[in-house]
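Thanks for coming. I will walk through one structure this morning, and then we can take questions.

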Amino acid sequence: MAAAGLLPGDSGRPWGVLAGPSAALPPPPPPPLRSPSCLPPSRPPRIARGSPLPPASLPGLANRPARACRERRGGKEEAGRAQRRPRRTPGPGPGPGPGRTGRRYRPLPPAASPGAGRRAGSKGPAQLRAVFLHTEHERRKSKTVTQADMKVELLPALTDNYMYLLIDEETKEAAIVDPVQPQKVLDAVKKHGVKLTTVLTTHHHWDHAGGNEKLVKMESGLRVYGGDSRVGALTQKVSHLTSLKVGSLNVKCLCTPCHTSGHICYYVTKPNSSEPPAVFTGDTLFVAGCGKFFEGTPEEMYRALIEILGSLDPQTRVYCGHEYTINNLKFARHVEPNNVSIQEKLAWAKAKYDSGEPTIPSTIAEEFTYNPFMRVREKTVQQHAGETDPIRTMGAIRKEKDNFRVPKD
């Protein structure tokens with residue numbers, strides 16, 4: 001017989017083999033009783049609400065806070081979380097409840113509800129950001145600037161971005177600048193009855209170039225220009241002073257590295273026209289401000305703003321990438337508190353913003369009157385920065401702007 005397990009305490013008789021006709025298996029030993037003393041410290045026995053504290057002599061329970069203490073502490077934490085919740089403003093609005101949340105806490109659109117990403121397929125970081133940020137632009141109005149030779153429609157996107165539909169009035173050919181929301185672009189193209197042929201990308205950041213690949217799938221045959229190989233769906237990489245055409249309009253590429261190393265501004269003119277030119281500056285030049293120096297230096301931004309953009313026709317209309325005007329002007333006021341042009345422009349911008357209207361475009365000539373980054377040669381700006389060199393002044397006020405706390409007024 002094959003060896004089997006042995007009975008406890010019996011080294012000679014196999015388990016299950018009876019010693020005799022009347023022999024019976026001994027009952028198995030009872031399992032050891034579990035007492036509070038053998039429970040691991042991480043799983044103490046439950047204590048009914050209101051029971052006295054357990055004695056400190058019980059292992060695993062000594063020095064553990066009482067449930068009442070935990071409840072009191074948890075109540076304070078819950079109260080703190082409640083204080084940090086967004087305040088609700090009265091008035092009708094989307095989402096549950098009698099009101100809607102404040103500006104920084106908006107209800108998610110249906111596509112961004114829990115599980116929507118799994119239902120619609122996996123989304124990358126850029127697409128997820130676009131989903132969460134897409135509602136704010138719906139509060140802002142589009143705007144069309146019409147000239148005899150060209151038409152520019154401002155298309156608000158995401159929270160504070162702008163896309164620009166550039167239309168050649170002679171040929172009805174169109175280009176789009178930074179099409180982060182392709183469907184909105186195609187809706188505008190259809191509204192104007194034009195033919196979209198060109199994508200002008202200022203730089204590779206997702207809130208400017210993030211819609212390129214989807215747009216070229218929705219609209220075939222597009223030419224996609226940019227100055228950086230990181231630009232999505234790029235068909236032609238451009239460099240400084242590269243020229244191209246949109247219908248009868250001339251587009252000159254201006255290389256302005258600093259915000260990103262491959263940033264391009266697009267300068268648009270019409271031959272033999274008396275109308276002012278246009279320049280699409282992305283995140284290099286804003287109304288009363290400039291972009292952060294993510295991949296560049298103060299020297300590069302000085303050259304971009306003063307030597308390149310500053311040398312354009314003073315009446316050139318500036319179409320920038322973001323609606324940052326009010327905050328930029330508040331910093332400009334901080335730098336030059338006695339500058340009347342800044343005070344007047346700030347009052348004007350607040351009125352525009354309150355009515356939901358864009359504060360774009362400005363002009364190159366105007367920027368020299370209130371933009372501190374284009375006024376780094378002025379004594380008032382240099383004195384504020386504690387510098388006498390315009391390039392060092394550029395670096396000093398950019399660093400100050402990066403840490404500037406915007407006042408409410």
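**A sheet, a helix and one asparagine**

Let me start with a pair of strands: strand 10 and strand 11, the latter covering residues 249-255, run antiparallel to each other and are joined by four bridges. One of the residue pairs here is K245 with N250, the latter in strand 11. Please keep in mind that this is a predicted model.

Those two strands belong to an open sheet of six, ordered 10-11-12-13-16-17, with mixed pairing. Which strands sit at the edges? They are strand 10, residues 243-246, and strand 17, residues 362-363, and each of them pairs on one side only.

Now a step back to the whole protein. The chain has 409 residues, and 41% of them count as buried. It contains twelve helices and 17 strands. If we take contacts between residues at least 6 apart in sequence, 53% of them join residues at least 24 apart. The exposed surface comes to about 22400 Å², and carbon and sulfur atoms supply 54% of that.

Next, helix 4, which spans residues 182-192. Which of its residues are buried? The buried ones are P182, V185, L186, A188 and V189. These residues lie on the same side of helix 4, because the arc they cover around the axis is only 160 degrees. On the other side of helix 4 we find K190 and K191, both exposed.

What covers the buried residues of helix 4? The cover includes four strands and a helix, namely strand 4 (150-157), strand 5 (161-168), strand 6 (173-177), strand 7 (195-200) and helix 6 (212-218). Just past the end of helix 4 comes G193, with a positive phi of about 65 degrees.

Strand 5 brings me to the last item, as N161 is part of that strand. Is N161 buried or exposed? Its relative accessibility is 3%, and buried means under 20%, so N161 counts as buried.

What does N161 touch, once neighbours within four places in sequence are set aside? Its contacts are R140, L155, P156, D207, H208, G321 and H322. Of these, L155 and P156 fall in the range given for strand 4, 150-157. Strand 4 is also listed in the cover of helix 4, along with strand 5.

That is the tour: the open sheet, helix 4 and N161. Questions are welcome.

Key:
Residues are numbered from 1 along each chain as its sequence is written. This is a predicted model: local features need pLDDT of at least 70, side-chain atom pairs count only at pLDDT 80 or more; totals for chains, interfaces and linings use all residues. Side-chain values use heavy atoms; hydrogens and water are left out. Buried means under 20% relative accessible area, exposed over 50%, partly exposed in between (1.4 Å probe, protein chains only). Contact means heavy atoms within 4.5 Å. Accessible areas come from the Shrake-Rupley method with a 1.4 Å probe; for residues, only the protein chains shown count as cover. The arc is that of the directions from the helix axis to the C-beta atoms. Two strands pair if DSSP finds at least two bridges between them.
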